[in-house]
Amino acid sequence: MTRHAVVTGGTGAIGTEICRQLAQAGHRVTAIGHPAEAQRLPAWRESLQRDGFGIGAELCDLSDWDACVALAPRLGEVDILVNAAGITRDARLVKMTPEQWRAVMAANLDSVFNLTRQLIEGMCARGHGRIVNISSVNGQKGQAGQTNYSASKAGLHGFTLALAREVAGKGVTVNTVSPGYIDTPMIRQVREEIRVQILKEIPVGRFGTPADIARAVLFLVDDAAGFITGADLSVNGGQYMA
């Protein structure tokens, strides 16, 4: 059955692959990007169109409540919500600024509340919904230099757990996917010697791919996955096992 899927952070490396796989599965897909990405959006659309994907796109600062209120009517009925938007502003706590802390909390956590709050009532009223929140291995195990990021991603799964209990009886599931280190432009910017060290900590011996994450999302949003809710699906190559 065709569903309308919305993917925040949908113009990033992982978000784009999630959009692709949802579209391949027959869903109508809308990606949400940040207004700062306006200039690169036409090229992003073109690339997908060349591959045969007609994926819609909206720009919105999801950390802004009023912007999300205005966005919701443009989206219409949403059956699947993948909260994949996120940023990093790394620093050890002794040097972290309030601005770095607030920026990460706003982008990684406030955004999830702001948009999910607009869409959850409709899902409950229709008796069906799938929400997947993209967390991180560093939200599970912590990471030096990322107290802001780790706290936001750990908080994201707390959000999943609480909301899953609230809406379980309405046909809506809420789950988390926690990626490990994924081969994206972000990890490629890390110094070579650090990448080598990270790789040594991953038992399967490689970095993940955006497709690895997208397949996990696709599994959780399937109509047949209605008995899975409140779960945190680790996709990290064995780097962290809880």
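The questions and answers below deal with helix packing, nonpolar cores and two single residues in a predicted model.

User: What kind of model is this, and how are its residues numbered?
Analyst: This is a predicted model, in which local features need pLDDT of at least 70, side-chain atom pairs count only at pLDDT 80 or more, and totals for chains, interfaces and linings use all residues. Side-chain values use heavy atoms, with hydrogens and water left out, and residues are numbered from 1 along each chain as its sequence is written.

User: Are H4 and H6 roughly parallel or oblique to each other?
Analyst: Helices (H or I, at least four residues) and strands (E, at least two) are DSSP runs, numbered from the N terminus. The axes of H4 (residues 98-126) and H6 (residues 147-167) come within 9 Å and cross at roughly 15°; axes are lines fitted to C-alpha atoms, for helices over the stretch in contact, and angles run from 0 to 180 degrees between N-to-C directions. Angles under 35 degrees count as roughly parallel, over 145 as roughly antiparallel, 65 to 115 as roughly perpendicular and the rest as oblique. H4 and H6 are therefore roughly parallel.

User: How many residues of the contact of H4 with H6 are nonpolar?
Analyst: Contact means heavy atoms within 4.5 Å, and the residues making it include Trp101, Leu109 and Phe113 of H4 and Tyr149, Leu156 and Phe159 of H6. Ala, Val, Leu, Ile, Met, Phe, Trp, Tyr, Cys and Pro count as nonpolar, Asp, Glu, Lys and Arg as charged, and the others, Gly among them, as polar. In the contact of H4 with H6, one residue is charged, seven are polar and the nonpolar ones number 14.

User: Which hand does the crossing of H1 and H9 have?
Analyst: The axes of H1 and H9 come within 8 Å and cross at roughly 50°, and the two helices are therefore oblique to each other. A crossing is left-handed if the near helix is turned anticlockwise from the far one by less than a right angle, and right-handed if clockwise. The crossing of H1 and H9 is right-handed.

User: Which element supplies the largest share of the largest nonpolar core?
Analyst: A nonpolar core is a set of buried Ala, Val, Leu, Ile, Met, Phe, Trp, Tyr and Cys residues joined through side-chain atoms within 4.5 Å. The largest one has 27 residues, and Val7, Leu22 and Val82 are among those with the most contacts inside it. Elements that each supply at least two of its residues include strand E1 (4-8), helix H1 (13-24) and helix H9 (210-221). The largest share, six residues, comes from H9.

User: Is Ala5 buried or exposed?
Analyst: Ala5 lies in strand E1 and touches Leu22, Arg28, Val29, Thr30 and Ile80, not counting residues up to four places away in sequence. Buried means under 20% relative accessible area, exposed over 50% and partly exposed in between (1.4 Å probe, protein chains only). With a relative accessible area of 0%, Ala5 is buried.

User: What is the relative accessible area of Arg45?
Analyst: Arg45 is found in helix H2, and its C-alpha atom is separated by 8.3 Å from that of Gly56, eleven residues apart along the chain. Arg45 is partly exposed, and its relative accessible area is 33%.
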